[in-house]
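Work through the exercises below with the model open. Try each task before reading its solution.

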Amino acid sequence: YQLDSGRITYMPHWSVNEGNNIINFADSNYTRALGLSDKFVVQYSGNMGLWHDMETFVRVAHLLLNNHTIQFVFVGGGIRYDSAKALSDQLGCSNILWRDFVAEKDLHESLAACHVSLITLGDGLEGVAVPCKLYGILASARAIVSATPLKSEIALTLKDHNCGINVHPGDVRGLADAIKSLSKDRKTVFEMGLRGYDACRSVYSLENAFKKLV
C-alpha cells in the first residue's frame with residue numbers, strides 16, 4: 001500500500017493553558033512567602049512519577065551545594081518522591097526546598113516563583129510520552145533545563161524555539177553546568193522564557209491546532 005503523503009497533516013501538541021499574563025519572579029506570592037527573592041531559583045513542579053528521574057536532579061543539587069546563589073525547589077509528589085527525598089537527606093542537600101502540590105488556581109503563581117524550570121523523561125521514552133508540564137512552563141515564560149532523550153518532543157521543542165537547554169538523561173554534570181551557566185546570565189534566561197511564551201501562544205495553542213484540523 002502506497003501512503004499518500006498529501007493526505008497527512010501534522011498537528012502539533014497543544015494546551016488549553018496559553019498564558020494570559022506573565023508574572024515576574026519578584027512579584028510571585030510564592031517568591032515572597034518562601035524567601036526566595038535573593039536566589040536564582042531552579043524549580044521542578046508536578047508529578048514525580050515512574051518515568052521521571054528525580055535522583056539525577058537531587059545529585060545536581062548536591063553538586064551545586066556550595067553555590068549559595070542557587071536554590072532548588074521541588075514541588076509535588078508521586079512514586080519517586082520518597083526515594084528522592086531520602087537521597088537528598090542522605091547527601092545533605094540543604095539547597096533543596098520540598099513542597100507539596102499546589103492548588104490548580106495557584107499554579108501560575110507557583111510556576112512564576114523560579115527562573116528556570118526542570119523537566120525529565122527517561123531514556124528510550126521518546127515518542128512514548130511528552131511531560132505535560134512543558135506547556136504550563138511555557139505559559140509561565142520560564143526558561144527550561146531538561147534531561148530528556150535528544151530526539152524527544154521536549155528536546156526538539158527547546159531546540160526549535162531556543163527556549164531552554166536539554167541534556168541526555170542522567171547527565172548530572174551537564175545539567176549542573178547548564179544551571180550554573182544560566183545563573184550567571186539572567187538576560188539569556190529571561191529571553192528564553194519569552195521565546196517559550198511566544199511559542200506557547202502561537203504554536204501550541206488550541207486555536208492553532210484547530211486551524212490545522214480544519
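**Exercise 1. Classify two phenylalanines, then their ring pair.**

Start with burial. Phenylalanine 72 has a relative accessible area of 1%, so it is buried (under 20% is buried, over 50% exposed, partly exposed in between; 1.4 Å probe, protein chains only). Phenylalanine 74 is at 0% and is buried as well.

A note on inputs: this is a predicted model, where local features need pLDDT of at least 70, side-chain atom pairs count only at pLDDT 80 or more, and totals for chains, interfaces and linings use all residues. Residues are numbered from 1 along each chain as its sequence is written, and side-chain values use heavy atoms, without hydrogens and water.

Now the rings. Rings of Phe, Tyr and Trp (its six-membered ring) pair if their centres lie within 6.5 Å; planes under 30 degrees apart are stacked, over 60 edge-to-face, the rest tilted. The count by this rule is four aromatic pairs. For phenylalanine 72 and phenylalanine 74, the centres are 6.4 Å apart and the planes at 75°, so this pair is edge-to-face.

**Exercise 2. Characterise the pair of tyrosine 81 and tryptophan 98.**

Geometry: the centres are 5.4 Å apart and the planes at 85°, so the pair is edge-to-face. Location: tyrosine 81 is in helix 3 (residues 81-91) and tryptophan 98 in strand 3 (residues 96-99), 17 residues apart. Helices (H or I, at least four residues) and strands (E, at least two) are DSSP runs, numbered from the N terminus. Burial: tyrosine 81 is partly exposed at 24%, whereas tryptophan 98 is buried at 16%. Assembly: ring pairs join Phe72, Phe74, Tyr81 and Trp98 into a cluster.

**Exercise 3. Which partner does lysine 85 have in a salt bridge?**

Apply the rule: a side-chain nitrogen of Lys or Arg within 4 Å of a carboxyl oxygen of Asp or Glu. The structure holds five such bridges. Lysine 85 bonds to aspartate 89 in one, with the closest N and O atoms 3.0 Å apart. Both residues lie in helix 3, four residues apart, about one turn of the helix. Lysine 85 is partly exposed at 24%.

**Exercise 4. Find the nearest opposite charge to lysine 133.**

Lysine 133 lies in helix 5 (residues 133-139). Lys and Arg count as positive, Asp and Glu as negative; His and the chain ends are not counted. The nearest side chain of opposite charge is aspartate 53, 13 Å away. Lysine 133 is buried and has no salt bridge. Its contacts (heavy atoms within 4.5 Å) include Tyr44, His52 and Leu118, leaving out residues up to four places away in sequence.
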